[in-house]
Amino acid sequence: MRRVSAYQSDGWSDFGVATAGAGAALAGLLFVSLSINLQRILAGNRLTARAAHTLVLLGVPLVTALLLLIPGQDAAALGSELLATGAVTGGWLFWLNRPWLRAPEQSLVAWFLGAAAPSALLSLSLALAGFGTLTGTLGGLYWLPVGVIAGLVAAMLNAWVLLVEILR
């Protein structure tokens, strides 16, 4: 027996509202932290890419939440939007996090855990949620929390680096 809440957005409004609020608040705080260290961030190409990566990690859950909150949207439309968002996000985050551009002092393991894995989780979970919602399989929208949590946690860690660690 299929759980309707996995494939219909009706029961996801509280999740959408909470995600939109958290994403917007954290993005605002990120802009404040970027402005505090703007000269240092702009001085290096790697830090500007990290700042852009962090904004994407915060912006995509926000956009996803807004898609989820569109009233009266059918499952096919939402599934298509989530699938497209996951695909575009994956390409964008890969471009910002190319492994050969990581800082020399950053190990491959640290890069993978801090950038690649959260980016992949966010993108892949959106795509799986979209595909699952379209086909009525894979647990549908239950993939959304995986990506949202990965994106928000990674963004907070990146924000810490952009605010505090670059001053060391």
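**Helix 1, an aromatic pair and a pocket**

Me: What do the buried residues of helix 1 pack against?

Reply: They pack against helix 2 (38-43), helix 3 and helix 6, where contact means heavy atoms within 4.5 Å. The model is a predicted one, in which local features need pLDDT of at least 70 and side-chain atom pairs count only at pLDDT 80 or more, while totals for chains, interfaces and linings use all residues. Residues are numbered from 1 along each chain as its sequence is written, and side-chain values use heavy atoms, leaving out hydrogens and water.

Me: What makes a stretch a helix here?

Reply: A helix is a DSSP run of H or I with at least four residues, numbered from the N terminus. Helix 1 has 24 residues, so it passes the cut-off of at least four. Its first and last C-alpha are 35 Å apart, close to the expected 34 Å; the expected span is 1.5 Å times one less than the number of residues.

Me: Why is Trp12 called buried?

Reply: Buried means under 20% relative accessible area, exposed over 50%, and partly exposed in between (1.4 Å probe, protein chains only). Trp12 has 7% relative accessibility, so it counts as buried.

Me: What makes Trp12 and Tyr142 an edge-to-face pair?

Reply: Rings of Phe, Tyr and Trp (its six-membered ring) pair if their centres lie within 6.5 Å; planes under 30 degrees apart are stacked, over 60 edge-to-face, and the rest tilted. Here the centres are 5.2 Å apart and the planes are at 65 degrees, so both tests are met. Trp12 lies in the segment before helix 1 and Tyr142 in the loop between helix 5 and helix 6, so the pair ties together parts 130 residues apart in sequence.

Me: Is Tyr142 buried, partly exposed or exposed?

Reply: Tyr142 has a relative accessible area of 38%, so it is partly exposed.

Me: How do you know that Phe94 and Trp100 are a pair too?

Reply: Their centres are 6.3 Å apart, with 70 degrees between the planes, which is edge-to-face. Trp100 is exposed at 61%, whereas Phe94, at 48%, is partly exposed.

Me: What makes a space a pocket, and which residues line the second largest one?

Reply: On a 1 Å grid over the protein atoms alone, a pocket is an open set of points where a 1.4 Å probe fits, with protein on both sides within 12 Å along at least five of seven lines; lining residues have an atom within 4 Å of a point. Residues lining the second largest pocket include Leu26, Leu30, Ala155 and Trp160.

Key: Helix = DSSP H or I, 4+ residues; strand = E, 2+ residues; numbered from the N terminus.
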